[in-house]
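Let's take a walk through this fold, one piece at a time. Keep the picture open while you read.

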Amino acid sequence: MGDILLVRHGQASFGAADYDNLSPMGRQQSAWLGAHLSEMDYAPSLVISGGMKRHDQTLAEMAKTLKVGVTSTDAAYEEIDMWRILRETAEIIPDMPDASTDRGKLSAALRMGLTTWHEGRVTGAESWADYRQRIDEGLARAVAHDGDVMIVTSGGAIAAAVASTMGLTSGAQISTFLKLYNASVTRLVKTKNGLELHSLNTVAHLERPDRKGSMTYV
């Protein structure tokens with residue numbers, strides 16, 4: 001039946017004019033992941049990108065060593081407009097941490113923004129319910145494929161997919177989102193009873209003595 005491998009993009013360009021580009025570290029993380037999966041003889045028959053630049057760049061680095069089959073784009077796996085959510089949240093919570101240029105404040109700001117968005121206090125580019133629905137629809141398309149599927153996407157989409165699979169609360173979904181490493185791997189197993197979580201947020205390709213400092217969240 002095959003598995004679904006959810007890959008979070010490599011480190012993006014936090015603080016730059018365009019966040020949606022891999023940093024040099026992000027490109028290296030992605031290359032290491034591709035080599036690691038190739039060493040494990042992993043060869044997905046279908047590869048899906050969320051279509052954002054950092055998704056496509058991650059896949060391009062991985063594909064330098066990893067054999068991939070058919071490649072497609074599915075907008076269901078685009079990331080939420082997090083910066084818009086943060087701006088809207090700051091308008092109603094004046095003392096919200098300013099995370100625009102400070103990585104150290106980002107986790108607290110994200111938790112606050114995601115919570116207000118889930119509660120419907122801010123709108124974002126789409127509602128929480130619509131966001132969850134598009135992830136579920138994307139997962140259904142991946143499940144329908146007969147074979148291993150690799151999806152290169154963002155942390156929000158991965159957390160939503162895990163929440164849907166595991167029946168997590170919104171709070172647990174947000175917590176999962178905030179703890180996903182760049183270039184991490186989450187595996188969902190397709191069974192006759194539906195999707196099941198096999199592993200979450202693994203970074204074996206980064207957990208090496210010669211790669212200290214390569215495990216990043218942002």
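Find Arg187: its bridge partner in S6 is Ser199. Keep in mind that you're looking at a predicted model. Arg187 and Ser199 belong to a pairing between strand S5 (residues 185–191) and S6, which is antiparallel and runs over 6 bridges. To get from S5 to S6, the chain makes a hairpin through 2 residues.

Now zoom out to the sheet. It is an open one, built from 6 strands in the order S3-S2-S4-S1-S5-S6, and its pairing is mixed. At the edges sit strand S3 (70–73) and strand S6 (194–202), each of which pairs on one side only. If you compare neighbouring strands and ignore direction, they are turned by 20° against each other on average. What holds such strands together? Strands of a sheet pair through backbone hydrogen bonds, and the pairing can be parallel or antiparallel.

Next, have a look at S4. On one side, S4 (residues 149–153) runs parallel to strand S1 (residues 3–8), and 5 bridges join the two. S4 also runs parallel to strand S2 (residues 46–49), this time with 4 bridges. Here are some of the residues that face each other across these pairings:

| Residue | Stands opposite, in S4 |
|---|---|
| Leu5 | Met150 |
| Leu6 | Ile151 |
| Leu46 | Val149 |

Is S4 mostly covered or mostly open? It is mostly covered, with 5 of its 5 residues buried. Val149, Ile151 and Thr153 point one way from the strand, while Met150 and Val152 point the other way, and all of them are buried.

Time to move on to the helices. Helix H3 (residues 82–92) packs against helix H4 (residues 106–118) at an angle of about 80°, and their axes are 9 Å apart. That angle makes H3 roughly perpendicular to H4, because anything from 65 to 115 degrees counts as such. On the H3 side, the contact is made by Met82, Trp83, Ile85, Leu86 and Thr89. H4 brings in Leu106, Ala109, Leu110, Met112, Gly113, Leu114, Thr116 and Trp117. Sorted by class, the contact has 10 nonpolar residues, 3 polar ones and no charged ones.

Which residues of H3 are buried? They are Met82, Ile85, Leu86, Glu88 and Thr89. Look down the axis of H3 and you'll see these buried residues fall within an arc of 165°, so they line one face of the helix. They pack against H4 and also against helix H7 (170–178). Turn to the other side of H3 and you'll meet Arg87 and Glu91, which are exposed.

One last stop: Ala99, which lies in the loop between H3 and H4. Why does Ala99 count as buried? Its relative accessibility is 4%, and buried means under 20%, so Ala99 falls in that class. What does Ala99 touch, leaving aside its neighbours within four places in sequence? It is in contact with Phe14, Trp83, Lys105, Leu106 and Ala109. Trp83 is 16 residues away from Ala99 along the chain, and their C-alpha atoms are separated by 9.7 Å. Trp83, Leu106 and Ala109 may ring a bell: they also take part in the contact of H3 with H4.

Technical notes
Residues numbered from 1 in each chain as written. Predicted model: local features only at pLDDT ≥ 70, side-chain atom pairs only at ≥ 80, totals over all residues. Heavy atoms only, no water. Axes fitted to C-alpha atoms, helices over the stretch in contact; angles between N-to-C directions. Parallel < 35°, antiparallel > 145°, perpendicular 65-115°, else oblique. Contact = heavy atoms within 4.5 Å. Nonpolar A, V, L, I, M, F, W, Y, C, P; charged D, E, K, R; others polar. Buried < 20%, exposed > 50% of the residue type's maximum accessible area, 1.4 Å probe, protein only. Arc of directions from axis to C-beta. Pairing = 2+ DSSP bridges.
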